[in-house]
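Visitor: I'd like to learn how to read an interface and its salt bridges. Could you walk me through it?

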Amino acid sequence: MEVMEILENLRDNYFYFIAMVLFIVGFHTMLTHSNLIKKVIAMNIMDTSVFLLFVSIGYVHGAKPPIMDTVQPEGVYINPLPSALIITGIIVAISITAFALSLVAKIYQYYGTIDADEIAEIRGSEE
Amino acid sequence: MSEDLIAVIIMFIVLFPIFMTAVIMYVGQKSEKLCTALSLATAMATFMAVLSLYSEATGGNVIEYPLFEVLPDLAISFRLDILSYSLALLSSFVWLLATIYSLDYMGGEHGKERYYPVLIFTLGSCQGIFLAGDFFTLFIFFELMSLIAYILVIHEETPEALKAGYKYLIVTIIGGLSIFLGVIIIFEVAGTVSLGQGPLFDEYSPLALLTFLAFLIGFGIKAGMFPLHVWLPDAHPVAPSPASALLSGIMLKTGAYGLLRMIFDVFGMELFQSLGWNHIMAGLAIITILLGSAVALTQNDFKRRLAYSSVGQMGYVVLGMTVFNEYALSGDIFHIFSHAIMKSTLFLAAGAVIWKTGKKKISDLQGVGRQMPITMGAFTLAAFAMIGIPPLNGFLSKWTLCLGFLEGGYTAYVIVLLVSSMLNAMYYLPIILPAFLGGNGATSHHEEDERTGQAEYPVFEVNEVPLRMVIPVAILAACTLLFGTLPTNVPFELSQYTSNFLLDGFF
Amino acid sequence: MYALEHVLNHLPAILVISLFVFAFIMPLLFIWKRDWCVPVATLSMGLSLAMSLALVIQVNQVGTFVYHMGGWEPPYGIEFRVDYLSAYMLLVLHGIGLLILVYSIGDLKKELADRVIGWYYTLYLLLMGAMSGMALTNDLFNLFVFMEICAIAACAIISIKEDRECLEASFKYLILSAMGTGCYLLSVAMLYMITGYMHMEKVAVALETGAAEYPYNVLVAMSLMVVSFGVKSALFPLHVWLPDAHASAPSPSSAVLSGLVIKIYAVAMVHLIFRAFPRELFEMIPMLEIILWLSTLGIIFGSIFAMVQENFKKMLAYSSIAQIGYVFLGIGLFTPTALVGGLLHILNHAVMKSMLFMVAGIIIYSSGIKRLQHFDGIASRLTWTMVAFTIGGASMVGIPITGGFISKLYLAQGALEVERPFFLLVILVSSLLNAFYYFPISINAFLAEQKREDITFKPVLKSMLVPVLILLALIIFLGLNPQPVTNMLEQAAEMLFE
C-alpha cells in the first residue's frame, strides 16, 4: 500500500525527516517571528538541520568512526568527508551567530527594543 | 581626387566640428571674441570642405569609408553619395549663415560659452548623420545630435523653455530607442546594417513590420509627422532664433533623411509599394499637412506659427517620398532644399524682429516692415515662396511634386497641396500686410494726419538690425529667388541627380 | 626567477590568501603605526590587481587551467578553476576595488568613528578575498565558505557606520543572507546525496544519470540554489534588503556592495548552471524561464520604485535592482550573445554604479545634501561631479558611445536570436524609464537656481575625485572600444556553452 510504503520510508530515513522538519522550523521562525534573538536562534536551527542532514548522509551502518585506526586499519569507516565539511560549517555558523548577536546588542542600544515590528515602526516614523 | 583624399575630407567634415567643440568650450571661458571667431571659422571650414566634394559627388561616385569597428560587423563608417551630399551641402550652408547671424544675435545674451560649442557640435553630428555609411553610425550621430540640441532648446532657461526642453528630451529618447529597435532588428535579420547593400529586407515578416513601425516612429518624431509632432511647437519657439532656424530648417530634415534611407535601403521600392506602406505614410503625411497648416492659423505667437508651418511643410516632404517617380522624388528633395532655405529665412527674420523690437505676438507686428524693410522684405519673399508663388523656389518644388503626383495617378494629393497652399497664404499674409501697411499704433502719425488732414502714407523709418544679421537673411531670401528662377541651379540639379540615383537603384 | 615561477604557479591561491593575510595585518597596523594602514591596504589591492592581470594573461595563453589546493586532486582536494569568466571577474573586482579603496581614504574620515577605520580596511580586504575565492573556486562547499565570509564582511561594512539605520539594514541583510546560505547548504547536501561529489564537473557527470533516478531531489536542489543566489544578488522579489542596506551604508561600502558584491553571486550562479548541472536538465526544468521572467519584473519594478525615491542613495539602490535584472536577463536568455551582454553589463554596471555612489558620497561629503529635492543648482559648485553623474546616467539609459549602450546592444541581439522580441521591448522601455529618473536630476543640478542658502561647500578632495574621473573615462572608453572586453567574454561564453 502506498501509505505504508511512505511510512516505512520515513521510519528508515528518520534522520532526513527530522532534518527537514528542523529546517522548516528554522526557516519559518526566521521569517515570521519578530523577536530578533529568535531570528538568530532560528538561523542556528536551520544551519544545524542541514549539518545533521550532511552528517547522517555519511553514516554507514556498523562502520567505524573516521579516525585512522593504527591497530586494525582494515574495515569500513564511515564517510569522513561530510564530517570534515561540517566542522567547517559549524565554525562558519558560529561566526555568523556571533556577528548577528553583536548586531542585536547594538540595535538594542540604539532602539531600546529587539522586536522587529517595533523597530520597523520607529524607522517608518523617522523617515 | 584620390579616394583617400575624399575619405579624409569626409572624416574632416564630421569630426573636425566635434573636435573643435572641446576647443571652443575651453577658449570660450577665456575670451569671447576668440570663441565666436573659432566657431565661425569652423563653420566656414566645414562648408568649404563640403563644397570641395561637389564634383566628386555629382560625378555619380559613391564613396564608402569605414572608420573603425566598435563591435564585429558594427563599425563607424562614412559614405558619400548624391543624397548624402545634397543634404550635407545644404546643412553646412545654412549652419554657416546661422553662425554669422548668431554673432550679433547672441551679442547681449548669456550662456554664450555654452551656445557656441553646442552649435558646432550639432553641426558635426548633423554632418555625421548625413554622411553616415550605415544605420549604426546614423543612429549614434542621431542620438548625439538630438540630445545635445536639448541644450540649445533650453538656452533661455525660462520655465517655458525648461518645460518644452523636458518634453523634447523625453520624446527624443523615445525616438532614439525606437530607431535602436529598428537597427537591431535589421542587424539580426540581415546581418549587416550598411547602407548601399541594396534592400536589407527581402520579404514581409512580422519583424519587418516592427522595423517599419520603429523607424516610422523614430524618424517621424524627428520630422514632426502627425501624431508625433507634439514636441515641435513647444521646442522650436523657445530656442534662440538661429537655433530655431537650424532646428526647423535642418534637424527636421534628418528625420526625413532617415525615412528616405529606410524606404530605399531597408525595404526597397518594390517591397514597400507592394506592402502598401507608402499609403500609410501618405495618409499620415496628408493629415500632417492639413493639421499643421490649420493650427498655424490659430497661433498668435510669431515663432509658434512658423513652427506649425514647419510641421505642415514637412508633411509635403513625407508625402513626396511615397510616390516613386522621377518628378515626385526630385520635387521631394528639392522641397527639402527649398523648405530649409525658406524656413531658415523666416526664422532668422522673425528672430531679427523679436531681437530689435521685442515683439513676439503677431498682433503687435504692425508697421514693423517700415522699420525693418530688408528683414521683412526677406520675410515676405520667403513667405511667398512658402505659399508657392512663382517664380520662387517654393513654387518650383510644389510644381514638380504635383507633376509627380499626377504622373503617379494621385490626383488627390494635388488637391491637398492646393488646399494647404491656400492655408499657407491665409496665415502668412496677415503677418506681411500689417507689417508694411498697418498703422504704428498710437503714434504721432495719426495725430498729425488729423491735424493736417492729409492722407496717410506709410513712412519708412528704417531702423534695421546690424549688418551681420541682415546679410544671412538677405542671402537666404535671395536664394529663394535664385533657385526658383534660374534655369540651372544647383539644388534643382542635385535633386534631379538624386532622384535618378534612387530610382535607378544605385544605393 | 625561480621564486617568480613558483609564485606564478600558485597564483590563484596566493591571490586569495594574500588578501586574507593583509586583512589580518590591518588591525595590528592600526594600533602600532596608523599611517601605514592606507598604504598597505592600497599595496595589497594593487598586488592583487597585478595578480589578476597575470591570471588573465595566463588564461589567454593556455586557456582554462586548474589549480589544486595543496596538490590534492579532486575529489579529495579543492580545485580552483581559472577560465575566461573567472579571470574577467577577478579583473573587474580588483580594478574597481582598488579605485573604491582610493576613494574611501578621504571619505571614511568623515563617515566613520576614528577607532574603526582600521577595521574597515580589514573588512574590505576580507570582502575582496572572499569574492575572489568565489570567482575561482570549483568546489561546492568551498563556495559556501567563501559565501559566508563574503556575507559577514558585507554586513559588517554596512554596520560599521554605527548609526540607527545602518544597523537595522545590516541585520536585515544578515538574516536574509543567512536564509540564502541555509538554502544553498541544503541544496549542496541534496546534490551530495545524489552524486557523492563536491567538485562541480564531477557533479554534472554524475547528475546525468542521477537526475533520471532522483528527479525531485535535483529539482529541489536547483530551486534552492536559485533562491539562494537570488536573495544574495537581489533578484526580484528577493530584493527587499537591498535599498536599505545600500542606502544607509557609508558611500564606499555602497559602491562595493552595489557594484561588486551582488555581481559575484550572479557569476557564481553562472558557474553553477554551466558547470554543475548537465545541459539537458534545463530543458526538463524551466528554471531559466523563471529567472528570465523574474529578471524582467526586477528591471521594470526597480526602475518604477527608483522614480519615486527622494533620497539619492536609495534611488541608486533601486536602480541597482533594475540593472542586476539585466544581468539575469542575459543569463536567462541562454544564448552566447545574451550571456556576453549580461556579463558585459556586470563590468559596465560595476563601473557606472560605483561611480554614481562615489558621486553621492562626494556630494554628501562636500555639502551634506542627501535628498534629491535639494540638488538644485549644485552643479555650479560641484561641476565635475555632476558631469560625471550625467555621463553615468546617460550610460544607464544606454546612450551610444557610453558603455551601457554596448551591453544593451548585446542583450537586444540575444533577445532577437531566441526570437523573443518581447524582451527587446522590455530593454527599451526600461531604458526610457531610466531616463525619467536620471535626467531630471542632471537638469535640476545644472539649470535650476540654488534654493537653500545655508549650504556650505567643502572643497572636494583629490583622492575622492580622481577615481570618479578614472571611472568616467572608462565608461566612455568601454563605449567606443569594447572589443578587448567583448573578445574575452565571447571566448568565455563559447567555452561555457560547449
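**Where chain A meets chain C**

Guide: Buried area is the accessible area (1.4 Å probe) that two parts lose on being put together, summed over both. Here, chain A and chain C bury about 3,300 Å² between them, and carbon and sulfur atoms give 80% of that. On chain A's side, A:Phe54, A:Phe99 and A:Tyr110 lose the most area to chain C, together 17% of what that side buries. Keep in mind that this is a predicted model: local features need pLDDT of at least 70, side-chain atom pairs count only at pLDDT 80 or more, and totals for chains, interfaces and linings use all residues. Residues are numbered from 1 along each chain as its sequence is written, chains are lettered from A and ligands numbered from 1 in the order in which they are written, and side-chain values use heavy atoms, with hydrogens and water left out.

Visitor: How many salt bridges cross the interface of chain A and chain C?

Guide: A salt bridge is a side-chain nitrogen of Lys or Arg within 4 Å of a carboxyl oxygen of Asp or Glu. The rule finds 1 across this interface: A:Lys106 meets C:Glu162, at 3.6 Å from N to O.

Visitor: And how many are there over all chains?

Guide: The structure holds 16. In one of them, C:Asp244 pairs with C:Lys314 at 3.5 Å, N to O. That pair links helix α10 (residues 242–248) to helix α14 (residues 312–333) of chain C, 70 residues apart (helices are DSSP runs, H or I, of at least four residues, numbered from the N terminus).

Visitor: Are C:Asp244 and C:Lys314 buried or exposed?

Guide: Both are buried, meaning under 20% relative accessible area (exposed is over 50%, partly exposed in between; 1.4 Å probe, protein chains only).

Definitions and conventions. Helices (H or I, at least four residues) and strands (E, at least two) are DSSP runs, numbered from the N terminus.
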